[in-house]
Amino acid sequence: MDAPDHRQLVSLLASDLAWLEDHCRRQSALAREAGQLRLAAALVRNAVGPFLDGQSESPVHVAVVGGAGAGKSTIVNFLVGIVVADANPQAGFTRHPTAYVSATVSTGWSGHLGFLGPLRKLDHPEPSDLDQDVYQVRRVPSPAGPLGDVVVWDCPDMTTWAASGYVPRLIEVAALADVIVYVASDERYNDEVPTQFLQLLVRAGKAVIVVLTKMGEMQTGPIVEHFEREILTRLPKDVSGRPAVPVLAIPYLPPALLADPSGKGAAHRIPLLNQVMVLADPAAARKRTVDHALGYLSSAGGEILDVARQDLAAMDAWRDVIQSSRQQFDDRYRNEFLNGEGFRRFDEARSHLLDMLELPGAGRAFAMVMWGLRLPYRAVQNMVQKALVRPPAVNVGETQVLSGAFRAWLDQIRAEAIRRGEAHGLWKHISAGFNSGLTESATDQFQTLLRGYQVSSADEIEAAARTVTAGLEKHRAGLAFLRGCKLVLDVIAIVLAFWAGGWDWPTLIYIPLFVSIAHQLVELGVRQYVEGKRSAIRSRKMAMVSQAVSGPMADWLTKWPATGGSAYEKLQGALRRVPDSIAQLKRLAEPRLRA
Ligand SMILES: Nc1nc2c(ncn2[C@@H]2O[C@H](COP(=O)(O)OP(=O)(O)OP(=O)(O)O)[C@@H](O)[C@H]2O)c(=O)[nH]1
Ligand SMILES: [Mg+2]
């Protein structure tokens with residue numbers, strides 16, 4: 001295993017999760033999700049990172065958590081065996097985590113990089129109501145009883161997810177813990193927020209023991225049963241299926257028992273210790289912690305990232321707005337330019353093609369005669385054309401149409417961003433962008449795309465017009481064949497004229513008439529062929545504008561909110577990296593976990 005490699009991964013993943021947590025904390029509705037992200041980041045920093053670094057599997061960490069005034073500090077004293085923690089009637093008294101370790105246990109684990117995230121280690125004892133992002137490690141005289149190589153953590157309460165100050169302090173230690181002792185008092189054991197927290201811990205694969213406190217002696221049975229029915233049955237299944245969560249009850253004890261946990265209180269202490277010892281075997285506990293943490297991170301990866309669902313939905317909505325307005329841009333180009341554009345270059349190509357079909361060399365005289373015979377026909381044709389065809393409407397230039405359509409496009413999305421401003425921060429970000437240079441940079445981008453398009457477009461039209469005649473210019477045999485056909489048609493026309501008129505004067509009328517009809521047929525064929533090419537170039541131009549202008553422009557606009565170091569850029573980066581980093585960490589840990 002490459003050390004710097006996994007350290008980089010751990011810190012990248014932890015900082016991505018921390019960024020997402022911060023992003024959630026700014027949206028009050030996402031306080032619970034923020035807690036979830038904090039737990040995920042803390043699992044990475046406090047459990048997975050030290051394990052990959054080869055940290056020793058002991059001491060095992062036991063964290064005592066629960067609602068305010070539930071009796072956590074009291075339970076800590078029972079675990080340690082002597083009164084060490086400040087149990088205080090004021091609910092919410094304990095404000096930062098304190099670790100209790102016996103004098104013989106090493107405290108090297110607290111030196112690990114990133115340990116407990118933002119919490120600073122106090123170097124001398126302070127009262128447990130010090131309300132700061134700190135933790136302390138207190139040495140206690142060798143505990144009375146079997147709890148040797150264990151660190152017992154007294155934690156602040158869990159009463160609201162939104163308590164941005166001290167809830168993260170609790171979550172840091174909960175993530176570190178190999179065993180969690182969840183304390184709930186008789187009156188408050190089904191409070192919503194602590195129960196949600198319990199659910200999250202179980203979901204994250206923590207080994208949990210529930211201790212219900214302060215009920216009357218007679219109430220222990222019914223309360224345990226009620227808790228199991230109401231709370232435990234609603235717990236989520238963790239990665240290894242439904243966890244066995246043992247539930248103990250410690251009734252309301254007289255002060256004398258509280259003051260002497262390992263003596264007078266031993267009857268209540270021993271069953272608790274037994275449960276903890278089952279789960280705190282160093283050989284299994286740490287691997288279980290890390291294995292379950294990685295299992296949780298990979299299976300809940302999507303759920304964790306769900307916090308960004310509103311952002312992603314807003315980005316999808318933005319993309320949809322861009323796509324539909326892009327469609328309007330394309331439609332406007334088609335209606336205002338393409339449909340009215342004649343591509344006159346194709347008219348030239350058509351007359352050139354007709355000229356080519358005339359006989360060359362010695363046949364020239366015959367062609368001239370035919371041309372002469374068609375004089376009346378041409379005169380009539382010119383007259384009809386003049387009478388029927390309206391002068392072509394002035395077609396607005398292509399660049400002008402494209403630029404106008406682009407301005408309309410920007411106006412439309414700007415109006416949309418203003419209209420949706422209240423729906424999500426993304427729209428505000430876009431509106432603000434329009435006030436600070438988005439129009440200008442989008443226009444620059446459009447001009448660049450337009451120039452690229454114009455260069456290739458001119459070439460494209462010329463090339464398409466050339467193909468009208470180029471094929472025949474190359475294939476002389478084909479051209480000769482077509483000329484032959486035209487000659488045959490003319491000859492047939494003349495023969496038909498004689499057949500119809502005989503050697504009489506009507507033949508003099510039939511000959512120019514039939515010859516003109518034959519020529520009209522040829523012209524029709526040529527027109528058909530050239531019109532096919534003309535409509536092909538229309539479709540081709542539409543495709544080119546779509547590919548070279550509106551498509552890339554739409555991409556640019558779609559991506560704009562996630563560029564320039566914006567929050568959306570970071571969000572996208574984090575969302576992309578997180579699942580990947582989790583998978584890599586899992587691969588790195590796998591061999592050691594199975595060893
Ligand atoms: N008499 C008696 N008092 C108890 C018992 N359990 C807890 N208490 C008292 O209840 C109060 C709160 O207990 P703590 O252990 O401080 O509770 P906590 O969960 O640590 O509370 P915070 O740190 O304030 O969240 C303290 O005054 C304890 O002495 C008990 O079984 N009997
Ligand atoms: Mg306390």
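This report walks through a magnesium site, a ligand pocket and several salt bridges in the structure above.

Please keep in mind that this is a predicted model, where local features need pLDDT of at least 70, side-chain atom pairs count only at pLDDT 80 or more, and totals for chains, interfaces and linings use all residues. Residues are numbered from 1 along each chain as its sequence is written, chains are lettered from A and ligands numbered from 1 in the order in which they are written, and side-chain values use heavy atoms, with hydrogens and water left out.

## The magnesium ion

Let us start with ligand 2, the magnesium ion, whose protein donors are Ser73 (OG) and Thr94 (OG1), lying 2.1 Å from it. Donors here are N, O and S atoms within 2.8 Å of the metal (3.2 Å for Na, K and Ca); water is not among the atoms, so sites may look incomplete. The two donors bring together distant parts of the chain: serine 73 belongs to helix H3 (residues 72–80), while threonine 94 sits 21 residues away in the loop between H3 and strand S2 (98–102). Helices (H or I, at least four residues) and strands (E, at least two) are DSSP runs, numbered from the N terminus.

Serine 73 is buried, at 7% relative accessibility, and threonine 94 is buried too, at 8%. Buried means under 20% relative accessible area, exposed over 50%, and partly exposed in between (1.4 Å probe, protein chains only).

## Around ligand 1

Threonine 94 turns up again here: of the 21 residues around ligand 1, it comes nearest along with Lys72, Thr74, Gly92 and Phe93. A residue counts as near if one of its heavy atoms lies within 4 Å of the molecule or strand in question.

Some polar pairs involve ligand 1 directly. A backbone N or O atom of alanine 70 lies 3.1 Å from one of its oxygen atoms, and a backbone N or O atom of proline 89 lies 3.0 Å from an oxygen atom of ligand 1. Tyrosine 252 places a polar side-chain atom 3.1 Å from a nitrogen atom of ligand 1. On its own ligand 1 has 640 Å² of accessible area, and the protein covers 90% of that. Accessible areas come from the Shrake-Rupley method with a 1.4 Å probe; for residues, only the protein chains shown count as cover.

Lysine 72, in helix H3, deserves a closer look. Which side chain of opposite charge is nearest to lysine 72? It is aspartate 157, 5.3 Å away, and lysine 72 is buried yet has no salt bridge. Lys and Arg count as positive and Asp and Glu as negative; His and the chain ends are not counted. A polar atom of the lysine 72 side chain does lie 2.7 Å from the backbone oxygen of glycine 67.

## Salt bridges

A salt bridge is a side-chain nitrogen of Lys or Arg within 4 Å of a carboxyl oxygen of Asp or Glu. By this rule the count is 31. Here are some of them:

| Pair | N to O distance |
|---|---|
| Arginine 7 and aspartate 53 | 3.1 Å |
| Arginine 326 and aspartate 330 | 3.8 Å |
| Arginine 334 and aspartate 331 | 3.2 Å |

Aspartate 53 lies in the loop between helix H2 (31–52) and strand S1 (60–66) and arginine 7 in helix H1 (residues 3–25), so their bridge ties together parts 46 residues apart in sequence. Aspartate 53 is partly exposed at 30%, and arginine 7 is partly exposed at 45%.

Helix H11 (residues 309–336) holds arginine 326 and aspartate 330, 4 residues and about one helical turn apart; both are buried. Arginine 334 and aspartate 331 also lie in helix H11, 3 residues apart. Arginine 334 is partly exposed at 32%, as is aspartate 331 at 27%.

Finally, a network of salt bridges links Glu21, Arg25, Arg38, Arg45 and Glu172.

Methods
Polar contact = N/O pair within 3.5 Å; in protein donor to acceptor, adjacent residues only side chain to side chain.
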